[in-house]
Amino acid sequence: MALRTAKREEPGRVRRRGRVLGLVSLGLGVAQVAAPHAVRRLSGVDDSATTRAVVPLVGARELVHAAGLLAGRRVGPWSWTRVAGDAMDLTSLVVALGNRRGQRRGRLVGVTGVVLGITALDVLTAVQATRATGRGGTVELTATTTVRRPAEEVYSFWRDLENLPSFMGHLEEVRVTGEKTSRWRATAPFGRTVEWDAEITDEEPGVRIGWTSTGDADVPNTGKVWFVPAPDGESTEVHVIMAYEIPGGKIGKAVARYFGEEPHQQVDDDLRRLKQVLETGEVVRSDGAPWGKRAREEFPQRPAQPLSPEELAKGAQA
């Protein structure tokens with residue numbers, strides 16, 4: 001099976017603003033590294049040994065930011081590093097303002113105002129990028145398998161939505177409520193149960209089924225499945241695309257993966273069970289977990305550990 005995940009992308013306006021900030025960093029960095037004396041004079045800072053050393057270092061930092069933002073990398077992390085750099089610059093400028101008088105103080109006030117404006121833009125960009133990529137823990141999954149049954153038969157089995165829990169491990173029940181509507185109930189991490197209503201939005205008998213959750217769903221989701229006759233003339237290629245929000249967002253996704261419920265593996269296992277149900281009439285389960293999805297609660301994973309005296313004695317008797 002082929003599987004992939006596509007995370008939510010940063011909006012185009014955030015990426016464009018990140019590119020502008022990258023160009024700002026590039027200009028500042030080149031100026032501070034190539035002409036540090038001119039930068040010190042124009043900004044009104046002193047000509048001490050410390051300042052002579054700091055200005056090129058700040059320029060190098062800006063060049064690093066420029067490289068990250070202009071190379072098409074994630075805007076959010078690089079924007080936050082710019083915010084941290086802005087805080088350092090503002091602190092230094094405030095200290096310098098306390099020691100300046102006259103024309104130099106006026107230039108420092110102007111520079112401080114410019115830095116405050118850039119800082120506000122950096123913070124706005126960083127917050128928007130973080131919200132865009134972090135909210136909801138949305139995941140897109142694709143999977144494919146081949147079932148040794150005609151396409152019409154595979155389609156008919158899937159179209160009877162109440163069959164879905166027989167091979168989708170986390171589904172407890174699908175109840176048909178209308179010609180195109182149904183009610184779904186599924187298990188979630190930490191023993192939770194989630195429910196939602198769904199509607200078939202795209203259908204061509206024997207070819208494809210598309211569905212989406214409706215209303216205020218616990219798990220907003222959408223999906224589509226295609227049934228394509230295989231080259232051998234007897235089998236069917238089943239292609240699935242699903243996108244949904246994992247309860248708990250990114251943290252919930254990470255914890256679910258830790259406890260063996262990684263979304264990729266779920267879809268892989270679901271289609272493997274579909275193949276087994278249609279080809280053999282039942283799901284083939286291992287001796288170690290004969291009760292299928294109930295085994296998640298009855299046989300939790302645990303670290304390797306020595307056998308107990310009772311287990312050793314039982315092994316010796318065997």
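**Entry 1. Strands E4, E5 and E6**

I began with strand E5 and its pairing to strand E6 (residues 221-229): the two run antiparallel and are joined by five bridges. I note for the record that this is a predicted model. For Trp-211, I looked up the bridge partner in E6 and found Gly-223. Six residues lie between the strands in the hairpin of E5 and E6, and there Gly-215 takes a positive phi near 65°.

I then turned to the pairing of E5 with E4. Strand E4 covers residues 192-204 and strand E5 residues 208-214; seven bridges pair them in the antiparallel sense. I checked Asp-197 and found Thr-214 as its bridge partner in E5. E4 and E5 also form a hairpin, with three residues between them. In that turn, Gly-206 has a positive phi of about 80°.

**Entry 2. Glu-203 and its salt bridges**

Next I followed Glu-203, which lies in strand E4. I asked which residues it meets in salt bridges. One is Arg-159, with the closest N and O atoms 2.6 Å apart. Arg-159 belongs to helix H6 (residues 151-159), so this pair ties together parts of the chain that are 44 residues apart in sequence. Another partner of Glu-203 is Lys-180, and here the closest N and O atoms are 2.8 Å apart. This second pair also links distant parts of the chain, 23 residues apart: Glu-203 is in strand E4, whereas Lys-180 is in the loop between strand E2 (171-176) and strand E3 (181-188).

I looked up how far Glu-203 is covered. Its relative accessibility is 23%, so I entered Glu-203 as partly exposed, given that buried means under 20%.

**Entry 3. Surroundings of Lys-180**

I stayed with Lys-180 in the loop between E2 and E3. Lys-180 has a relative accessible area of 33% and is therefore partly exposed. Leaving out residues up to four places away in sequence, I listed what Lys-180 touches: Arg-159, Ala-198, Glu-199, Ile-200 and Glu-203. Both Arg-159 and Glu-203 stand in that list, and Glu-203 is the residue with which Lys-180 forms the salt bridge.

I also took the distance from Lys-180 to Trp-211. The two are 31 residues apart in sequence, and their C-alpha atoms are 9.0 Å apart in space. Trp-211 is the residue I had already recorded as bridged to Gly-223 in E6.

**Entry 4. Helix H8 and other salt bridges**

A search of the whole structure gave me 19 salt bridges. I selected the one between the side chains of Glu-279 and Lys-275, at 3.0 Å from N to O. Both residues are in helix H8 (residues 263-280), and because they are four residues apart, about one helical turn separates them. In general, an α-helix has 3.6 residues a turn, so residues three or four places apart point the same way. I recorded Glu-279 as partly exposed at 27% relative accessibility and Lys-275 as partly exposed at 28%.

I then noted a network in which salt bridges share partners: it joins Arg-61, Glu-62, Arg-82, Asp-89 and Asp-122.

**Entry 5. Helix H3**

Two members of that network, Arg-61 and Glu-62, led me to helix H3, where both are among the buried residues. The other buried residues of H3 are Thr-51, Val-55, Val-58, Gly-59, His-65, Ala-66, Gly-68 and Leu-69.

I checked the length of H3 as well. Helix H3 has 22 residues (residues 49-70), which at 1.5 Å a residue should span 32 Å. I found its end C-alpha atoms 32 Å apart, in agreement with that expectation.

**Entry 6. Nonpolar patch**

I searched the surface and recorded a nonpolar patch of about 380 Å², made by Leu-23, Leu-26, Val-30, Val-33 and Leu-63. Helix H1 (residues 12-34) gives the most to this patch, with four residues. I picked out Val-30, which lies in H1. Val-30 is partly exposed, with a relative accessible area of 44%.

**Entry 7. The chain as a whole**

Last, I took the totals. I counted ten helices and seven strands in the protein chain. Of its 318 residues, 36% are buried. I found an accessible surface of about 18000 Å², with 58% of it belonging to carbon and sulfur atoms. Of the contacts between residues at least 6 apart in sequence, 57% join residues at least 24 apart.

How values were computed. Residues are numbered from 1 along each chain as its sequence is written. This is a predicted model: local features need pLDDT of at least 70, side-chain atom pairs count only at pLDDT 80 or more; totals for chains, interfaces and linings use all residues. Side-chain values use heavy atoms; hydrogens and water are left out. The expected span of a helix is 1.5 Å times one less than its number of residues. Buried means under 20% relative accessible area, exposed over 50%, partly exposed in between (1.4 Å probe, protein chains only). Two strands pair if DSSP finds at least two bridges between them. Contact means heavy atoms within 4.5 Å. Accessible areas come from the Shrake-Rupley method with a 1.4 Å probe; for residues, only the protein chains shown count as cover. A salt bridge is a side-chain nitrogen of Lys or Arg within 4 Å of a carboxyl oxygen of Asp or Glu. Patches are made of residues with over 30% relative accessible area and no salt bridge: like charges are joined within 9 Å, nonpolar side chains (Val, Leu, Ile, Met, Phe, Trp, Tyr) within 5 Å.
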